[in-house]
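Before reading on, please take a moment to look over the sequence and the structure, and keep both in view while working through the points below.

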Amino acid sequence: MASSDLFKTLLYTVNNLLQQQKYKTALAVVKGFRNGAVYGAKIRAPHALVMTFLFRSGSLREKFRAIAQATYTHSRNLACFVFTYKGLQALQQRLQGKTLQSHSFLAACVGGWLINMYLLSRILFALSRLGVEKGFIPQPKKDPFPLFATLVWGIVLWLFEYHPHTLQPSLQSSMNYLYHDSNTWHDISDFLIYNKPKTN
């Protein structure tokens, strides 16, 4: 069998697998991971490029290494969060036999507890520390950051799933790409390479 025939057979087999309804939920989690990685890189790479060349010293090689590391870290974190969120939603739905509003909240709470990457949470946490240092608030007995991350992620994804009109349009668009677009594909091209089918 020629390599061309082998490739066609492999492509047919993969595309056939992608059409099987029994694998749809698991494949949506995998595509969610892919969308998280792609979106994380698209968002972080330009930002890291600008910030590195504006504010970082060092050789050109060190700057490019810093850009690659920041892009990789953000892409990995977002991919892992989407994978965790979609996976836990699917698990809850399978265990309970139906989808409940609490599923998105709980899945995002766990993901937020495990992976928190946004600046607002870090700023608020720093302000809380400052409040403790200045004596405005008492020293907590336990680190409050995991609880804060849990609630922030739980609330934002519950809002997105059940009240999306309340969120800023750019946030809605990002979340649609990450969490809803990963539920749809037709073949390997829009499962792995492109997010949506190419239009001519």
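Helices are DSSP runs of H or I with at least four residues, and they are numbered from the N terminus. In this predicted model, the elements of the chain, taken from the N terminus on, follow the order α-α-α-α-α-α-α-α.

**Overall build**
- The chain holds eight helices and zero strands.
- Along its principal axes, the C-alpha trace of the chain spans about 75 × 55 × 30 Å.
- If we take the contacts between residues at least 6 apart in sequence, 66% of them join residues that are at least 24 apart.

**Surface and interior**
- Of the 200 residues in the chain, 32% are buried.
- The chain exposes about 13,100 Å², and carbon and sulfur atoms supply 64% of that area.
- There are 22 positive and 8 negative charges in the chain, and the mean positions of these two groups lie 4 Å apart.

**A nonpolar patch**
- A nonpolar patch of about 800 Å² on the surface is formed by Leu 49, Val 50, Met 51, Phe 53, Leu 54, Phe 55, Leu 60 and Phe 64.
- Helices α2 (24-55) and α3 (60-96) each supply at least two residues of this patch, and α2 gives the most, with six residues.
- Leu 54, which is one of the patch residues, lies in helix α2.
- Why does Leu 54 count as exposed? Its relative accessibility is 58%, and exposed means over 50% relative accessible area, so Leu 54 falls in the exposed class.

Methods:
Residues numbered from 1 in each chain as written. Predicted model: local features only at pLDDT ≥ 70, side-chain atom pairs only at ≥ 80, totals over all residues. Heavy atoms only, no water. Patch = residues over 30% accessible without salt bridge, like charges linked within 9 Å, V, L, I, M, F, W, Y side chains within 5 Å. Areas by Shrake-Rupley, 256 points an atom, 1.4 Å probe, with all protein chains shown as cover. Salt bridge = Lys/Arg side-chain N within 4 Å of Asp/Glu carboxyl O. Buried < 20%, exposed > 50% of the residue type's maximum accessible area, 1.4 Å probe, protein only. Contact = heavy atoms within 4.5 Å. Lys, Arg positive; Asp, Glu negative; His and termini not counted. Charge placed at Lys NZ, Arg CZ, Asp CG, Glu CD.
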